[in-house]
Amino acid sequence: MIRVKTFFLSAAASLTLSLALAPALEAAPEAFVFDKAHTHIGLTWNHVGFSETRARFGDFEGELVLDEENPEASTLTVTIPINSLDTGIEKLDGHLLSADFFDAATYPEATFTSTRIDRTGDSTAKVYGDLTIHGVTKPVVLDVTLNKLDTHPMSGKKAAGFNAKTTINRSEFGIGQYVPMVSDAVEIFISTETSVAK
């Protein structure tokens, strides 16, 4: 009888300990910081049917809160200084930053804030969010691929790498100069490495 009682007391203690530890064992959402040296935010558009013009934004600030247990609960916010635009051609940069296009003096930042994430596969998702450019906010959808989630061999930190892409019509953001000779559609491509902040 004593053995049976001891067994049940031990089992009850183990169960109580397991229940107490369960929340701690669940992976909590983690904040990841972007590696600016290994992040590319690029734009591509057609120039009067003859060529594809490319540019990139060289600076940005962002926060990714990644929930591995429930990826749909992850969040993403990004702010991009418009004057970090770089085509490699100084004169073209100046024109794009002028009032004809981005009007960077009046609208110095572009922002993206996620509103919903839908998983579409083991390593793919659609990230819905609000994109603000030129003072205009519109909903957009990023097609995102998780390239790798692992310990980074150089930093020793948990790291996540992503590719993302979307296409917007610039005229919807009040940047309609030279449409349709210069294409309305602008493709946006992002490739980034992130790592846990701690």
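This report walks through the fold, the core, the salt bridges and one surface patch of a predicted model.

## Overall layout

Let's start with the big picture. The protein has 198 residues, and 31% of them count as buried. Its secondary structure comes to 2 helices and 11 strands. Reading from the N terminus, the order is α-β-β-β-β-β-β-α-β-β-β-β-β, so a helix opens the run, six strands come next, and another helix precedes the last five strands.

How much of the contact map comes from residues far apart in sequence? Among contacts with a separation of 6 or more, 52% are between residues 24 or more positions apart. As for the outside, the protein exposes about 12,200 Å², and carbon and sulfur atoms supply 58% of that area.

## The nonpolar core

Now for the inside. The largest nonpolar core takes in 39 residues. Which of them have the most contacts inside it? That list is Leu43, Phe57, Phe102, Ile133 and Ile168.

Ile133 is a handy one to click on. Setting aside neighbours within four places in sequence, Ile133 touches Phe102, Ala110, Ile168, Phe173 and Ile175. Two of these partners, Phe102 and Ile168, also appear in the list of core residues with the most contacts.

## Glu30 and its network

There are 6 salt bridges in the structure. One of them pairs Glu30 with Lys158, with the closest N and O atoms 2.7 Å apart. Those two residues sit 128 residues apart in the chain: Glu30 belongs to strand 1 (residues 30–34), while Lys158 belongs to strand 10 (residues 158–169).

Is Glu30 buried or exposed? Glu30 counts as buried because its relative accessibility is 17%, and the cut-off for buried is under 20%. Lys158, at 30%, is partly exposed. The pair isn't on its own, either: salt bridges with shared partners join Glu30, Glu68 and Lys158 into one network.

## Lys36 and its two partners

Lys36 also turns up in more than one salt bridge, meeting Asp59 at 3.1 Å, N to O, and Glu61 at 2.9 Å. Where do the partners sit? Asp59 is in the loop between strand 3 (51–57) and strand 4 (61–66), and Lys36 is in the loop between strand 1 and strand 2 (40–47), so their bridge ties together parts 23 residues apart in sequence. Glu61 is in strand 4, and its bridge to Lys36 links parts of the chain that are 25 residues apart.

How open are these three to the outside? Lys36 is partly exposed at 38% relative accessibility, and Asp59 is partly exposed as well, at 31%. Glu61 counts as exposed, because its relative accessibility is 52% and the exposed class begins over 50%.

## A nonpolar patch outside

Finally, have a look at the surface around Phe50. Together with Val48, Tyr178 and Met181, Phe50 makes a nonpolar surface patch of about 460 Å². You'll find Phe50 in the loop between strand 2 and strand 3. With a relative accessible area of 76%, Phe50 is exposed.

Key:
Residues numbered from 1 in each chain as written. Predicted model: local features only at pLDDT ≥ 70, side-chain atom pairs only at ≥ 80, totals over all residues. Heavy atoms only, no water. Salt bridge = Lys/Arg side-chain N within 4 Å of Asp/Glu carboxyl O. Helix = DSSP H or I, 4+ residues; strand = E, 2+ residues; numbered from the N terminus. Buried < 20%, exposed > 50% of the residue type's maximum accessible area, 1.4 Å probe, protein only. Contact = heavy atoms within 4.5 Å. Areas by Shrake-Rupley, 256 points an atom, 1.4 Å probe, with all protein chains shown as cover. Core = buried A, V, L, I, M, F, W, Y, C linked by side-chain atoms within 4.5 Å. Patch = residues over 30% accessible without salt bridge, like charges linked within 9 Å, V, L, I, M, F, W, Y side chains within 5 Å.
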